[in-house]
Amino acid sequence: MRKPMIIDRSRDERFMQLALEQARLGALRGEVPVGAVVVQEGEVVGSGFNCPISTSDPSAHAEMVAIRAAAAKLDNYRLPGSTLYVTLEPCSMCAGLIVHSRIARVVYGTTEPKAGVAVSRGQFFQQDFLNHRVLVEGGVLAETCSSLLSDFFKARRQKT
């Protein structure tokens with residue numbers, strides 16, 4: 001039987017700061033600044049940032065990169081008991097990966113009104129057809145996560 005997950009807001013904010021660091025690395029490369037870290041038993045086991053442009057890989061979202069890194073590090077395609085921290089609400093592609101990799105909990109920063117499926121465009125993780133349940137919490141450092149994205153797109157518009 002799995003240990004129950006204890007939710008600790010200050011710990012969530014600390015790991016979200018690490019996801020924000022990843023997002024900033026992506027921004028420096030001209031990628032949309034979204035970052036993610038996978039944490040298991042208090043240790044970061046995977047991290048990543050959006051990089052579909054630089055890798056010519058449309059699936060290279062921050063969540064995908066971080067989950068792939070965690071699975072490789074742990075040598076397991078399943079990540080039970082882990083928490084994914086991501087600066088932006090996951091899209092449908094990433095939500096599917098989260099379920100398939102058996103992530104226990106997703107903590108996101110800001111909502112994604114156009115494509116987010118945790119709360120914005122649907123509640124994917126609550127669908128009856130899923131064979132795995134994911135706890136979802138949003139709004140951790142939401143203002144910081146949102147500002148990072150807004151500032152990035154504002155600067156991009158000013159360049160054109």
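**Exercise 1. Work out the order of the strands in the sheet, and say which strands stand at the edges.**

*Solution.* Start with the sheet: its five strands follow the order 2-1-3-4-5, the sheet is open and the pairing is mixed. Strand 2 (43–49) and strand 5 (135–138) are the edge strands; each has a single partner strand, so one side of each has no neighbour in the sheet. From one strand to the next, the twist averages 15°.

A few ground rules before we go on. You're looking at a predicted model, where local features need pLDDT of at least 70 and side-chain atom pairs count only at pLDDT 80 or more, while totals for chains, interfaces and linings use all residues. Residues are numbered from 1 along each chain as its sequence is written, and side-chain values use heavy atoms, leaving out hydrogens and water. Helices (H or I, at least four residues) and strands (E, at least two) are DSSP runs, numbered from the N terminus. Two strands pair if DSSP finds at least two bridges between them.

**Exercise 2. Find the pairings of strands 3 and 4, with a bridge partner for each.**

*Solution.* Step one: strand 3 (83–88) pairs with strand 1 (residues 35–40) in the antiparallel sense, over four bridges. Here A36 has V86 as its bridge partner.

Step two: strand 3 and strand 4 run parallel and are joined by five bridges. In this pair, Y85 is matched with V107.

Step three: strand 4 and strand 5 also run parallel, with four bridges. V106 has V136 as its bridge partner in strand 5.

**Exercise 3. Describe how helix 4 fits in, from its buried residues to its place between strands.**

*Solution.* First, look at burial (buried means under 20% relative accessible area, exposed over 50%, partly exposed in between, with a 1.4 Å probe and protein chains only). In helix 4 (residues 92–100), C94, A95, G96, I98 and V99 are buried.

Next, ask what they pack against: helix 3 (62–74), strand 3 and strand 4 (105–110). Strand 3 is mostly covered too, with six of its six residues buried.

Now trace the chain: strand 3, helix 4 and strand 4 make a right-handed β-α-β unit. Right-handed here means that, with the strands pointing away from the viewer, the path from the first strand over the helix to the second runs clockwise. Just after helix 4, R102 takes a positive phi of about 65°.

**Exercise 4. Locate the annotated binding site residues and list what C91 and C94 touch.**

*Solution.* Begin with the record: an unreviewed UniProt entry has the annotation "binding site" on H61, C91 and C94. They're spread over 34 residues of sequence but cluster in space, with a largest C-alpha distance of 9.3 Å. UniProt positions are given in the numbering used here, feature names are shortened, and annotations may be inferred rather than shown by experiment.

Then place the two cysteines: C91 is in the loop between strand 3 and helix 4, and C94 is in helix 4. C91 counts as buried because its relative accessibility is 15%; for C94 the value is 0%, so C94 counts as buried as well.

Contacts come next (heavy atoms within 4.5 Å). Not counting residues up to four places away in sequence, C91 touches H61, E63, A115 and V117. With that same rule, C94 touches H61, E63 and M64.

Finally, check for disulfides (pairs of cysteine sulfur atoms within 2.5 Å): the structure holds zero. For C94, the nearest cysteine sulfur is that of C91, 3.8 Å away.

How values were computed. Axes fitted to C-alpha atoms, helices over the stretch in contact; angles between N-to-C directions.
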